[in-house]
Amino acid sequence: MRASDNRQSTKHRIMDYRPTTNELTETIEPLLASGRRVNMVVTGRSMLPFLRHETDSVTLLRLPSYRRFDIVLVRDNAGRCVMHRIISIDDENVVLMGDGNLHMRERCRQTDILGVAISRRRYRKKGDSYTIGNLRGRGARFKARLWWWLRPLRPLLIKLFTSGK
């Protein structure tokens with residue numbers, strides 16, 4: 001085999017590399033800090049049923065202030081990056097909880113927030129069709145409040161939402 005043949009064959013190989021959230025965040029953190037919008041595929045199941053693992057992507061944007069029930073990407077006190085919902089916020093401190101979590105909460109400071117999810121894109125299994133949803137609008141905030149009050153029923157509801165997937 002000639003060297004040119006070798007280059008040709010490696011050119012068409014597909015590399016299946018999926019960066020961890022921390023690796024990806026190192027790339028997008030400077031973009032968000034400069035005011036750019038960034039699209040990110042959701043990984044993990046802690047935000048079910050609103051965000052689905054590797055089915056949804058979100059558009060992130062850094063804003064000057066955040067509100068209760070916003071979905072934010074943060075670097076927590078342990079240095080991990082998580083995308084969870086704000087359940088409590090004051091001038092400095094933020095308490096987060098994943099929509100799919102029952103009890104686990106994270107605490108961080110507002111300065112640890114890298115960006116807020118402003119929209120969601122959900123890809124369907126059939127071709128390239130997708131739907132787009134606003135994550136900061138009135139309807140999304142209503143759903144988030146309702147989901148917060150339905151915490152005792154979350155295990156059953158999540159099972160119902162994910163049974164057909």
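This text follows one internal cavity of a predicted model and the helix that contributes to its lining.

The structure holds one cavity of 30 Å³ or more, and the volume of this largest cavity is about 50 Å³. Its lining is made up of Phe69, Arg85, Ile87, Met97, Gly98, Asp99, Ala144, Trp147, Trp148 and Arg154. Two elements, strand 4 (81-89) and helix 3 (138-149), each give two or more residues to that lining, and helix 3 gives the most, with three residues. Sorted by class, the residues around the largest cavity comprise six that are nonpolar, one that is polar and three that are charged.

Helix 3 can then be examined in its own right, beginning with its length. At 1.5 Å a residue, its 12 residues should span 16 Å, and because the C-alpha atoms at its ends lie 17 Å apart, the expected span and the model agree.

Which residues of helix 3 are buried? They are Arg141, Ala144, Trp147 and Trp148, and when the helix is viewed down its axis these buried residues fall within an arc of 125 degrees, so they line one face of the helix. On the other side of helix 3, Arg138, Phe142, Lys143 and Trp149 are exposed, where exposed stands for a relative accessible area over 50% and buried for one under 20%.

The two views of helix 3 can be set side by side: Ala144, Trp147 and Trp148 are among the residues that line the largest cavity, and Ala144, Trp147 and Trp148 are also among the buried residues of the helix.

Key: Residues are numbered from 1 along each chain as its sequence is written. This is a predicted model: local features need pLDDT of at least 70, side-chain atom pairs count only at pLDDT 80 or more; totals for chains, interfaces and linings use all residues. Side-chain values use heavy atoms; hydrogens and water are left out. On a 1 Å grid over the protein atoms alone, a cavity is a set of points where a 1.4 Å probe fits but cannot get out, and a pocket is an open set with protein on both sides within 12 Å along at least five of seven lines; lining residues have an atom within 4 Å of a point. Grid points are joined across faces, edges and corners, and a volume is the space filled by probe spheres set on the points. Helices (H or I, at least four residues) and strands (E, at least two) are DSSP runs, numbered from the N terminus. Ala, Val, Leu, Ile, Met, Phe, Trp, Tyr, Cys and Pro count as nonpolar, Asp, Glu, Lys and Arg as charged, and the others, Gly among them, as polar. The expected span of a helix is 1.5 Å times one less than its number of residues. Buried means under 20% relative accessible area, exposed over 50%, partly exposed in between (1.4 Å probe, protein chains only). The arc is that of the directions from the helix axis to the C-beta atoms.
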